[in-house]
Amino acid sequence: MTEIENTAPVPLAAGFDEELPDDFEIGRHSSTRSRLASEVGAAIAHELNGPVTALLLYVGDIQQRCDRLADESLKQVVDSAVLEAERVCALIHKIGDLFEAPIPEDTAISVARDAITWWARTGHPDSKVAMGTGDHAINESSRSGAKPLTPREREVLRLVVQGYSNKEGAALMGISYRTFECHRAEVMHKLGAKNTAELVRLALLETTVPCPSPEQPSA
Amino acid sequence: MEFSPQQITNGIRKLTKEPRRILVIDDDASVGAAIQALMGHHRYQTVLASRSSDGIRALRQSHFDVVMLDIFMPGLNGLDVLDHVRRDSSIPVIVMSGFRLRSPAQPMDYLAMAAERGATLCMRKPFTAAELIKAVEWTFSLQRPSEGLPA
């Protein structure tokens with residue numbers, strides 16, 4: 001296994017390891033200073049990710065295991081710890097947003113962003129605040145003019161993503177093969193997918209499919 | 001009464017007492033250890049690789065159900081690892097990364113790049129235990145029904 005030349009784990013931005021100009025004076029070079037400050041801030045915030053992720057996972061683990069205990073006061077303490085950890089998490093996301101450049105409105109990127117924000121948001125009472133703008137329902141794609149999927153279309157999408165054929169899917173939903181195909185075509189149209197493979201890829205990324213979905217295919 | 005493919009697969013797993021296997025490739029050992037501890041209590045078996053080359057080797061040598069992959073790592077970065085993995089495998093890959101995805105000096109969207117290279121799901125660090133479990137179980141639910149349905 002040949003290892004590629006060690007690229008820095010966190011690619012430090014230009015300016016970080018640059019020599020400061022001899023006549024550098026705080027205040028007179030406010031643009032340089034603010035650029036440096038934001039890069040340093042972003043780097044520090046990035047360093048926080050690992051430990052905070054670990055912390056969140058540990059307290060989450062403790063919380064889940066405490067559910068089996070009878071000690072109510074201990075449970076309360078643990079719940080508070082989880083709440084505080086989640087607040088720290090939301091704050092870190094917020095700091096990250098401060099340093100990030102605006103995202104270009106490109107389909108591939110916005111799809112990925114929807115997936116990210118969605119995951120960042122799930123289960124977070126505070127994450128709406130943390131995510132700032134771009135707060136739209138999962139169903140509403142960021143592509144302008146896209147209509148949300150109907151419950152039937154979502155169901156069809158879920159079955160397609162799970163790998164069912166048109167025939168199997170139709171049978172599971174108790175609808176005709178043709179109707180199933182129509183729903184699928186409509187889903188592809190709404191999501192802007194050219195073929196099934198792309199539809200599946202988009203669906204996975206955008207997580208429009210409820211997850212995990214214990215409910216039965218035909219309600 | 002009908003069951004979802006996921007429920008059936010889970011049922012079979014329980015019956016055979018065969019734990020799901022998760023490979024975590026992250027140079028930050030604290031994240032890997034936390035994932036391992038959490039997933040252990042959910043009866044998942046977690047293998048840690050702190051170097052990307054170790055991760056690729058582990059994938060070649062044994063079976064895993066899902067890979068959790070960090071993007072920023074020394075040596076081969078997560079995107080390179082993803083390219084490697086996608087050459088011969090469709091295993092679900094959850095890409096995780098902190099922010100600093102784009103800055104004026106570094107205008108790259110790494111999670112979008114990962115998505116283009118075939119990542120199954122992208123998660124932004126830090127994430128909570130509940131989010132992690134939900135994400136991992138979601139990737140399990142994506143398995144083709146033929147793998148879970150009895151005839």
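Q: In which sense do strand β1 (residues 20-25) and β3 of chain B pair, parallel or antiparallel, in this predicted model?
A: The model is a predicted one. In it, four bridges link β1(B) to β3(B). One of the residues involved is L23(B), whose bridge partner in β3(B) is V67(B). The sense of the pairing between β1(B) and β3(B) is parallel.

Q: Which residue of β4(B) is the bridge partner of V67(B)?
A: Strand β3(B) also pairs with strand β4 (residues 93-97) of chain B, in the parallel sense and over four bridges. For V67(B), the bridge partner in β4(B) is V93(B).

Q: What is the handedness of the β-α-β crossover from β3(B) to β4(B), right-handed or left-handed?
A: Between β3(B) and β4(B) there are four bridges in the parallel sense. On the way from β3(B) to β4(B), the chain passes through helix α4 (residues 78-88) of chain B. This crossover is right-handed.

Q: How many of the five residues of strand β3 (residues 66-70) of chain B are buried?
A: On one side of β3(B), V66(B), M68(B) and D70(B) are buried. On the other side, V67(B) and L69(B) are buried, so both faces are covered. The strand is largely enclosed by the rest of the structure, because the number of its residues that are buried is five of the five.

Q: How far apart are the end C-alpha atoms of helix α6 (residues 129-141) of chain B?
A: Helix α6(B) has 13 residues, and at 1.5 Å a residue it should span 18 Å. Its buried residues include L132(B), V136(B) and W138(B). The span in the model agrees with the expected one, because the end C-alpha atoms are apart by 18 Å.

Q: Which residue does a cis peptide bond join to K125(B)?
A: The omega angle of this bond is about -5°. The residue joined to K125(B) has its place in the loop between β5 (121-124) and α6 of chain B. It is P126(B).

Q: Is R43(B) buried or exposed?
A: R43(B) is found in the loop between α2 (29-40) and β2 (44-49) of chain B. Its phi is positive, about 60°, although it is not a glycine. A residue counts as exposed if 12 or fewer other C-beta atoms lie within 10 Å of its own. R43(B) has 12 such atoms within 10 Å, so it is exposed.

Q: What percentage of the 219 residues of chain A count as buried?
A: Chain A has eight helices and zero strands. Of its contacts with a separation of 6 or more, 63% are between residues 24 or more positions apart. The buried share of its residues is 31%.

Conventions
Residues are numbered from 1 along each chain as its sequence is written. Chains are lettered from A and ligands numbered from 1 in the order in which they are written. This is a predicted model: local features need pLDDT of at least 70, side-chain atom pairs count only at pLDDT 80 or more; totals for chains, interfaces and linings use all residues. Helices (H or I, at least four residues) and strands (E, at least two) are DSSP runs, numbered from the N terminus. The expected span of a helix is 1.5 Å times one less than its number of residues. A residue is buried if 20 or more other C-beta atoms lie within 10 Å of its own, exposed if 12 or fewer, and partly exposed in between; C-beta atoms are placed from the backbone. Two residues are in contact if their C-beta atoms, placed from the backbone, lie within 7 Å. Two strands pair if DSSP finds at least two bridges between them. A crossover is right-handed if, with the strands pointing away from the viewer, the path from the first strand over the helix to the second runs clockwise.
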